[in-house]
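Trainee: Please take me through one helix packing in this model at close range. After that, I would like to see how it fits into its surroundings.

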Amino acid sequence: DLYWSEDVLTLFKTHEYVSSASEQLISIECFFQNGSSLLPMVYLKLSILNALPVVSFVLIVLFWLCMEKKNGTSRADSKLNIMATTVVIMFLLHPIIMKYNFSIFSCLALGDGNSYLVQDTSIICWREEHTRWALGLGIPGIIIWGIGTPVAGALVLFRSRETLNDSQVLAKYGFLYKGFREKYYFWEMYIVMRKVLVIAVVIFLNQISRIIQALICFAVILVAYRIHDNHHPYTASAMNILEVRSLMVTLITLYCGFFFLSADLDAISQLVLLVLLVNANLYFLILCLIKIFGSLPHHLKRHSPGLYSRLKCIPCIPRRGNRQENSRIHPGLTASELDDSSLKTMQKPRRLEPLAGRENAELATLTQKPNDHLSVSKGSFNRVLSTSQDPTLQADETMDGLLADQATTSNHRRQ
């Protein structure tokens, strides 16, 4: 929580709208719009979100048991589906639960000597009610869901590290380690713990010192940047590049934030820092789009070969090499004519076509006279026909046979 300018805060809010889109799916306020709750909305939401993993697990079990009776699947398959679905749901719920568990400790100090809860300024922090909710539900929620979930996931993966390629293990836990190199199967859990650490630093050190808070966050991100740059845990190089660039943009953002702590920062300096932040974030956005659309044909070819084959039939601009080669073979053609001719002649053997035409011409010459065609051996006809049907045969061998047949015909004439 640095002293950002209004323009920078607007930029951050724009990012927040995109990154928190999943939280809009769980909008508890919509069910209690008319003040029907006896508790403050902050405490009610905190209670519901901490109970949501348990409720979700019960619903998942009931769903797959019903599907087992309906489809007649085995109990082993149902257990496999329950575990796989639970892993995905917990992964999606984890950041939302962590945000609200930490938000109960986010307080803002005012001039009257009291600190007020940021989410609801009508609540005074560390009074009897707030202390009861923070210590009774906030701390256990952080320990169980924030720290316990990634630790439990890491332990499960560690126990299954020798059988990670097994179909059963891959179906249950593959969502957590698929996409990482084999020895970095735990990397997703490390990323979750790193995020929890950054959030804890931001929340709990907010009341102590903002400069200490910013420096510790900067140190954590810098260490994470060096670790990732040294190991490259993802199997896809594009993912490694995006992760490194995202950490780099985060470091640039924090570094620029240090300047906003100074009271001597004038309007021009703020504008320069704003331009730097916008360019850094815009660069990362463009890089993401390039990597996503660049890998799209590969993923379509691998996972949707039918769609890939249909899209591949769409006419496109030939490669530069084909155009240069066509211009050498067909001089005088325009660029558009070269494009059309390259599509027609790309797969045809150029050297064999004129030879095949010359062979057919000589065959026609040999067979013009009725008496001469009897002296042409049957093997020459077979060679000519096989050459015309199979253009991959060598033309030189066929021409040698034709010349030999011509010599035989000449001898018969002299005799």
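Mentor: Let's start with the contact between H6 and H7, where Trp187, Tyr190, Arg194, Leu197, Val198, Val201 and Val202 of H6 meet Gln213, Ile216, Cys217, Val220, Ile221, Ala224, Ile227, His228 and His231 of H7. Contact here means heavy atoms within 4.5 Å. Sorted by class, the contact of H6 with H7 has 12 nonpolar, 3 polar and 1 charged residues; Ala, Val, Leu, Ile, Met, Phe, Trp, Tyr, Cys and Pro count as nonpolar, Asp, Glu, Lys and Arg as charged, and the others, Gly among them, as polar.

Please keep in mind that this is a predicted model, in which local features need pLDDT of at least 70 and side-chain atom pairs count only at pLDDT 80 or more, while totals for chains, interfaces and linings use all residues. Residues are numbered from 1 along each chain as its sequence is written, and side-chain values use heavy atoms, with hydrogens and water left out.

Now the geometry of the pair. The axes of H6 and H7 (residues 210-231) come within 9 Å and cross at roughly 165°. That angle makes H6 roughly antiparallel to H7, and H6 passes H7 in a left-handed crossing. As for the terms, helices (H or I, at least four residues) and strands (E, at least two) are DSSP runs numbered from the N terminus. Axes are lines fitted to C-alpha atoms, for helices over the stretch in contact, with angles running from 0 to 180 degrees between N-to-C directions. Angles under 35 degrees count as roughly parallel, over 145 as roughly antiparallel, 65 to 115 as roughly perpendicular and the rest as oblique. A crossing is left-handed if the near helix is turned anticlockwise from the far one by less than a right angle, and right-handed if clockwise.

Just past H7, His232 sits in the loop between H7 and helix H8 (237-260). This residue has a positive phi of about 50° although it is not a glycine. With a relative accessible area of 32%, His232 is partly exposed, on a scale where buried means under 20% relative accessible area, exposed over 50% and partly exposed in between (1.4 Å probe, protein chains only).

H6 also packs with H3. These two helices meet at an angle of about 15°, with their axes 11 Å apart, and are therefore roughly parallel to each other. H3 passes H6 in a right-handed crossing. From H3 the contact takes Phe91, His94 and Phe102, and from H6 it takes Glu188, Val192, Val196, Ile199, Ala200, Ile203 and Phe204. By class, the contact of H3 with H6 has 8 nonpolar, 1 polar and 1 charged residues.

H3 in turn packs with H4: their axes come within 10 Å and cross at roughly 150°, so H3 and H4 are roughly antiparallel to each other. Their crossing is left-handed. Here Met90, His94, Ile97, Met98, Asn101 and Phe102 of H3 touch Leu137, Gly138, Gly141, Ile142, Trp145, Gly146, Thr149 and Pro150 of H4. This contact of H3 with H4 has 8 nonpolar, 6 polar and no charged residues.

Phe102 is a good residue to follow from here. Leaving aside neighbours within four places in sequence, Phe102 is in contact with Ile142, Val196, Ile199, Ala200, Ile203 and Phe204. Phe102 also appears in the largest nonpolar core: of its 21 residues, Tyr43, Phe102, Ile104, Phe105 and Leu117 touch the most other members. Such a core is a set of buried Ala, Val, Leu, Ile, Met, Phe, Trp, Tyr and Cys residues joined through side-chain atoms within 4.5 Å. Two or more residues each come from helix H2 (41-71), helix H3 (75-103), helix H4 (128-159) and helix H6 (187-204), and H3 gives the largest share, 5 residues. Another core, of 12 residues, lies apart from this one and includes Val198, Val201, Val220 and Leu251. That brings us back to our starting contact, where Val198 and Val201 of H6 and Val220 of H7 take part.

For the wider setting, the protein has 15 helices and 2 strands, and buried residues make up 33% of its 415 residues.
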